[in-house]
Amino acid sequence: MKRTCVSLILTIVFFLGLQKDAKAWSEHPMAVYPVLQSIPAIVNAGPIEVKSLLQFLLEEEHGLEKLLADHEVWAREHIPSYAPRPGSLAFSATGNAGDILNRFYSAIRINPHVKMALYLHLLPGQDAGDREQVDPRELTTLSTLYEMLFTTYVRLQEGEMVRPVDVLATATDEPDYGFDLGLFTDNGTAWGQVYGFGEQSFGNPGLEYGSQAPFHMGFYHESWLVFAAAPFLKRTYVEYRIHLYKTLSQYAFDAGQHYWGWRFMGWAMHYLNDMSMPYHTTVMPAKRPLGMIWINLKAMLGFPRSRDNAVQLLSNRHTVYEQFQWQILRQAHLSGDAEHPFLVALANPLETVAYDNEFPRKVAARESNRAARRNDRLLRRYVPRYLVSDPKNEIGGSHELDDLLDVILAEKGPEAIEGLTHMIAERFRALSMHTRSFVNHMLAHKAE
Ligand SMILES: [Zn+2]
């Protein structure tokens, strides 16, 4: 039995290991802006002064020492499967400006090479005016820039005044710019050795983007059978990230540090919004638990083909889902059509559920987990077979992916584009509700 479990564990590691992309939604600000723009308290909030992280930390060092110590106590008590932060990483107010950034990165356990530039993320078609544009390489630690190459970023200067809505929306993309890369002992990084997260729970430790998976995925609603066979699936850190950044945001607002209040808030929102993406809350949408175990048993007996096929299809569908979302949402913004189904969905949230610390798990992840199977089926119906149902095909980086909409249109017709658009629009109604609930929660704190 023990051996069976170990084999099963290894297999499921393999399942997730082949997921090359752990980004969930591509370009979060495109989805978040339309939601924020319909919240008067956000749009009408007065301008705030831009401040570098270094300056913020120097001004708040003592307060942060206590805040982060208190947060660690809270996290150990309240976050299931939390990996305690080693005592040696605790943030101490030493007054040393030379290493304060690194001390902070260690205390919150993120990639120490993060860039932390002062900038804004513009929407597709938005004019940069006479602002200086920023090269994406100044923003991310990733060597592959993906859709960042299509985005316009503009530089901010310390001390200038900006709108909170712009800071908040911009920050919702940042956690995908390398924050959570290399944090495990088997990622081959110096910081991964000391952060206390142990070996990577799932995902491919050898892939650049793969190592962030356990921070951006949350499997809370798999069957007991799957969790029994693969208990490591519970070792995800989405709730840790959300609560940590929410706490930092509230601290910053309380201290009158509004720029960092909004920016930390956007970081928390990123992880919350990742939970509305079905492939981030569901191990294998196409398979029932017994199906997963069956193909695994066959693999153990020397017939791995069904399992390997399932892994490849999972990866391809995840990739197509994201790419379709990104291309259509980009079109929606470029067209400026307020009646576009994505923009209508983002303006019409599901019925509100009040935010609390269990919301990411019990509301957001549950909804997308429930939608996962149906979404997977719709992909099979509406996307050409060789893209989502041919396990011999690896579609990552293929030109069919670049031309995805044309490829779907040519083979499946406009009803396929419509069907897929409708499918993701439904997810965006959920994302819209989650965003609003979180914003309301944060605004209530701010008003206290
Ligand atoms: Zn993410």
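## A tour from the zinc site to helix H10

Begin by selecting His216, which counts as buried because its relative accessibility is 0%, and keep in mind throughout that this is a predicted model.

Next, display the zinc ion together with its donors: His216 contributes ND1, His270 contributes NE2 and Asp274 contributes an OD atom, with the coordinating distances running from 2.0 to 2.2 Å. Along the sequence, these donor residues follow the spacing H-x53-H-x3-D. Colouring the helices is useful at this point, since His216 belongs to helix H8 (residues 213-216) and His270 to helix H11 (residues 258-274), so the pair ties together parts that lie 54 residues apart in sequence. Select His270 by itself and ask whether this residue is buried or exposed. With a relative accessible area of 0%, His270 is buried.

From the zinc site, move to Ser211, which sits in the loop between helix H7 (190-194) and H8. Ser211 counts as buried, because its relative accessibility is 3% and the cut-off for burial is under 20%. Now add Gly182 to the selection and look at its backbone nitrogen, which lies 3.0 Å from a polar atom of the Ser211 side chain.

For the last stop, select helix H10 (residues 238-254), whose 17 residues should span 24 Å at 1.5 Å a residue; the C-alpha atoms at its ends are 24 Å apart, so the expected and modelled spans agree. The helix is mostly covered, with 16 of the 17 residues of H10 buried. Continue past the end of H10 to Gly256, which follows the helix and has a positive phi, near 75°.

Conventions. Residues numbered from 1 in each chain as written. Predicted model: local features only at pLDDT ≥ 70, side-chain atom pairs only at ≥ 80, totals over all residues. Heavy atoms only, no water. Donors = N, O, S within 2.8 Å, 3.2 Å for Na, K, Ca; no water. Helix = DSSP H or I, 4+ residues; strand = E, 2+ residues; numbered from the N terminus. Buried < 20%, exposed > 50% of the residue type's maximum accessible area, 1.4 Å probe, protein only. Expected span 1.5 Å × (residues − 1). Polar contact = N/O pair within 3.5 Å; in protein donor to acceptor, adjacent residues only side chain to side chain.
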